[in-house]
Amino acid sequence: MNADAPVLECRDVSRTFMIGKGPFVQKKPLRAVQDVSLSIERGEVLAVVGESGCGKTTLAKMLLGLLPPSGGEIFFEGVPLSSVDRNAVSRRIQPVFQDPYSSLNPRKTLASIISLPLDVHKIGTPEERKRRVEEIMELVGLPRRLLYSYPSQLSGGQRQRVAIARALAIKPEILVCDEPTSALDVSVQAQILNLLQELREELNLTYVFISHNLAVVEHMSSRVAVMYLGRLIEFGTAAQVFDDPKHPYTSALLDSVLTPEPQYGLPEITTMGREFPNPLNPPPGCAFHPRCPKAMDVCSQAQPQPADENGRLLECHLYGEETAAA
Ligand SMILES: Nc1ncnc2c1ncn2[C@@H]1O[C@H](COP(=O)(O)OP(=O)(O)OP(=O)(O)O)[C@@H](O)[C@H]1O
Ligand code: SF4
Ligand SMILES: [Mg+2]
């Protein structure tokens, strides 16, 4: 392992699913993630944002080593993730998923749910595991009296605290949080976001934080990766992306946050009329062109190439060398 390398790095990572059932149906490729290159530095909160279906969860699963890329490579501290032992990866990178209802076993008590990763990795004696469970419950704000309760006896927020406790039990360094608050009531969302922030500072964690709602990540992210139809279209610091968005899609997403009910995000970008395109039949050229208020002739003809604009990545014909040459 190379300590100077980013903790995680994607180089040209793609994932294609072949869609279509039956012997006489020709399968079609669905490019869920396409040529994504990004790095995650130790201690940062990297936000990944974009509308439903843009490939966030697929990317998260690849970062967790749960799904192999179909192209490109993911590196963990400079070493190809595919060559790192699965157990070693899961000890250091843990997921927190969206739905605390379905991700917790309803027949297990909190004590056994939270200690499961310790059992799987054979960490500590039964006594030590019990102490660790109690310690971690306190850390995430779950009263000790709930130790032998079942998930059905808890509120949504408490269940998400259990999911966070379970992820933290084996002291990982990186949490990949996939929409960890979007199934919760608005008031509870804020509590869980605050908890995640506090835990990150206290435990020195690195987060990959996925959300379809830019408002959720605004105050906690250090850098923001914006995805559209599987592609990374803008990637920069939080200040660059929030204060001075460059890509027309990022601007539209930010505008959507200013709607009267920003907590619901905006996945239909109503200002642009058209809906998210069919991923099995993506528009040619820049896939955003049917919805883009700044689209030019070239946009429907050629795929824009990634350009570096003062350290931020942009994939749009308005930026980069092609524009300068035009
Ligand atoms: N196992 C799979 N088989 C086939 N297609 C898949 C599979 N997983 C994801 N997809 C497709 O890949 C695309 C990206 O899906 P993904 O779940 O990564 O998006 P997302 O950004 O997480 O969306 P959401 O915000 O709704 O969670 C979608 O078109 C989805 O239908
Ligand atoms: S490449 Fe063209 S269509 Fe795509 S975002 Fe840029 S201006 Fe809009
Ligand atoms: Mg998802």
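A residue counts as near a molecule or strand if its C-beta atom, placed from the backbone, lies within 6 Å of it. This is a predicted model, in which local features need pLDDT of at least 70 and side-chain atom pairs count only at pLDDT 80 or more, while totals for chains, interfaces and linings use all residues. Residues are numbered from 1 along each chain as its sequence is written, with chains lettered from A and ligands numbered from 1 in the order in which they are written.

The surroundings of the two ligands are set out below. Ala, Val, Leu, Ile, Met, Phe, Trp, Tyr, Cys and Pro count as nonpolar, Asp, Glu, Lys and Arg as charged, and the others, Gly among them, as polar.

| Ligand | Residues around it | Nearest residues | Classes in the shell |
|---|---|---|---|
| Ligand 1 | 13 residues | Ala-32, Ser-52, Lys-56, Thr-57, Thr-58 | six nonpolar, six polar, one charged |
| Ligand 2 | 14 residues | Cys-286, His-289, Cys-292, Cys-299, Cys-316 | 11 nonpolar, two polar, one charged |

Helices (H or I, at least four residues) and strands (E, at least two) are DSSP runs, numbered from the N terminus. At least two residues of the shell around ligand 1 come from each of strand 1 (8-19), strand 2 (28-40) and helix 1 (56-63). Helix 1 gives the largest share, three residues.

Two strands pair if DSSP finds at least two bridges between them. Strands 1 and 2 are antiparallel partners over nine bridges, and Val-13 has Val-36 in strand 2 as its bridge partner. An open sheet of four strands runs in the order 2-1-4-5 with antiparallel pairing. Strand 2 and strand 5 (79-80) are at its edges with a single partner strand each, so one side of each has no neighbour in the sheet.
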